[in-house]
There are 2 protein chains.
Amino acid sequence: MSKAATTRLTILQKAFYLIYRKGYQATSIDDIIATTQVTKGAFFYHFKSKEEMGLAMIHEIMYPGMYASMIKPLLDADDPLNEIYEMMKALLLKNPFFEVKYGCPAINLIDEMAPLNEAFRKALMQLIVQWQEAIKNTLLIAQKKGKINKELMPEQIALFVSSGYSGIRNMGKIFGKTCYKTYLNELKKYLLQQ
Amino acid sequence: MSKAATTRLTILQKAFYLIYRKGYQATSIDDIIATTQVTKGAFFYHFKSKEEMGLAMIHEIMYPGMYASMIKPLLDADDPLNEIYEMMKALLLKNPFFEVKYGCPAINLIDEMAPLNEAFRKALMQLIVQWQEAIKNTLLIAQKKGKINKELMPEQIALFVSSGYSGIRNMGKIFGKTCYKTYLNELKKYLLQQ
DNA sequence: GACATTACGTACTAGTTAGTATGTTTTGCA
DNA sequence: TGCAAAACATACTAACTAGTACGTAATGTC
């Protein structure tokens, strides 16, 4: 990777780290460059504005991260309903990047920026749509295998499951990790009822 | 109400209106006073800091609002499971204050401030705990009436339902009102399965 | 109706913000 | 090796931020 590409990536990774903890608006460009070797000149050479950097961060950092931890575990599922549960369990309890008190970077950014910035809203919507599609496809497989009733609506369940994830990330911020476990218990019950 | 008390309430109501739409940190004190007749001197006479005002807003504006729309509908429930569903439906589709793109004020504030400020976190936790207690009690009634299995765990279900609400408020910000209806369909299915 | 307390109003400050102007250095390539 | 373009570095600006200093007006009480 060229030196310039490294600089760009460093900015995006540091921005992601800080925005996850402090929020997008509360993270200043000075914050981002203060803890890296990058200067303001470099920042504005690579991104013409803070917004452009934010959108690049969604596409170049968050999309790949989401694919690895939220979609890949669902592909080629032997036991579809269980794969959904295990994906959620790994996401909530095993992922070393996430910290309970800071929630989920994608959910946080939706909450803060979707109402304020249409470009952010669209980029983040695509992120969630891809996840929901993956869950839906897994459920379609479950239907084919006869693991769930053919009359159930995979898309509706995918929304229920993904929004459930969003919600428990929010609850985790006030209650801590224990509520993750309670949630997972009820999620398992819900999934096995299908 | 005395003139001073009116001033104080005006500040809190305007702050609530703006913070709901822009977030707590992004709403400046200048924003709040610019659209009222209140001056900065009055603001800092009634509140010694922005934080103190924020906490007063939680207690004096958000608590009563939460009680009216999230707890009162659950009291004296004839048909407990249905009351929970109807409360959620009214909250999502009927409440004239809420705007889909801005989500729920309480959930927004948890998302933004719980990780950053312990006093906010505690105040908001109390808010949610009270709601969960109300849901739990309704479920206990449902158990007594034989409407749900006695082996089910009301507290666990209350967490699942309340975090589901939090999550769908987040999804509404990217998908709009249609996802509320899809969510409600699945919630009804979930509740009736109990 | 004097007078103390409450309730403001105005002007300021020190720090922070995104972004810019204007330079210098590094890099790829003929 | 020369040289243009890419990739930075530094110093600035105008607007905004929470909070303060210090003044004035309203209000209740005797």
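These legends describe close-up views of a predicted model.

**How to read the views.** Residues are numbered from 1 along each chain as its sequence is written, while chains are lettered from A and ligands numbered from 1 in the order in which they are written. Local features need pLDDT of at least 70 and side-chain atom pairs count only at pLDDT 80 or more, though totals for chains, interfaces and linings use all residues; side-chain values use heavy atoms, with hydrogens and water left out.

**View 1. The protein around DNA strand D.** A residue is near a strand if one of its heavy atoms lies within 4 Å of it. By that rule, 18 residues surround DNA strand D. A:Thr39, A:Tyr45, A:His46, B:Ile29 and B:Lys50 come nearest. Of the atoms of DNA strand D within 4 Å of the protein, 66% belong to sugar and phosphate. Look next for polar contacts (pairs of N or O atoms within 3.5 Å; within protein, one must be able to donate a hydrogen and the other to accept it, and residues adjacent in sequence count only if both atoms are side-chain atoms). A polar side-chain atom of A:Thr39 sits 2.8 Å from a phosphate oxygen of DNA strand D. For A:His46, a polar side-chain atom also lies 2.8 Å from a phosphate oxygen of this strand. B:Lys40 contacts a base instead: a polar side-chain atom is 3.2 Å from a base oxygen of DNA strand D.

**View 2. Helices and residue classes beside DNA strand D.** Helices here are DSSP runs (H or I, at least four residues), numbered from the N terminus; strands (E, at least two) are DSSP runs too. Chain A brings helix 1 (3-22) and helix 3 (40-46) to the surface near DNA strand D, and chain B brings helix 2 (29-34) and helix 3 (40-46), each with at least two residues. Helix 3 of chain A gives the largest share, five residues. By class, the surface has five nonpolar, eight polar and five charged residues. Ala, Val, Leu, Ile, Met, Phe, Trp, Tyr, Cys and Pro count as nonpolar, Asp, Glu, Lys and Arg as charged, and the others, Gly among them, as polar.

**View 3. The protein around DNA strand C.** This strand has 17 residues around it. The closest are A:Ile29, A:Lys50, B:Thr39, B:Tyr45 and B:His46. Sugar and phosphate make up 67% of the atoms of DNA strand C that come within 4 Å of the protein. A polar backbone atom of A:Ile29 is 2.9 Å from a phosphate oxygen of DNA strand C. B:Tyr45 places a polar side-chain atom 2.3 Å from a phosphate oxygen of the strand. A:Lys40 has a polar side-chain atom 3.1 Å from a base oxygen of DNA strand C. Two or more residues of this surface come from each of helix 2 (29-34) and helix 3 of chain A, and helix 1 and helix 3 of chain B. Helix 3 of chain B gives the largest share, five residues.

**View 4. A recorded DNA-binding region in chain A.** An unreviewed UniProt entry places the feature "DNA-binding region" at residues 28-47 of chain A. Such annotations may be inferred rather than shown by experiment, and their positions are given in the numbering used here, with feature names shortened. In the model, this span is 65% helix and 0% strand, and its end C-alpha atoms lie 14 Å apart.

**View 5. Helix 7 of chain B, end to end.** The expected span of a helix is 1.5 Å times one less than its number of residues. Helix 7 (residues 118-144) has 27 residues, so it should span 39 Å; its end C-alpha atoms are 38 Å apart, which agrees. B:Asn117 caps the N-terminal end, with a side-chain oxygen 2.9 Å from the backbone nitrogen of B:Ala119. B:Gly146 follows the helix, and its phi is positive, near 75 degrees.

**View 6. The largest pocket.** On a 1 Å grid over the protein atoms alone, a pocket is an open set of points with protein on both sides within 12 Å along at least five of seven lines, and a cavity is a set where a 1.4 Å probe fits but cannot get out; lining residues have an atom within 4 Å of a point. Grid points are joined across faces, edges and corners, and a volume is the space filled by probe spheres set on the points. The largest pocket has a volume of about 480 Å³. It is lined by 37 residues, and A:Asn108, A:Asp111, A:Glu112, B:Asp111 and B:Glu112 lie nearest its centre. The lining divides into 21 nonpolar, six polar and 10 charged residues.

**View 7. The largest cavity.** The model has five cavities of 30 Å³ or more. The largest has a volume of about 70 Å³. Its lining includes A:Phe160, A:Tyr183, B:Phe160 and B:Tyr190. Helix 8 of chain B gives the most to this lining, with four residues. By class, the lining has seven nonpolar, four polar and no charged residues.
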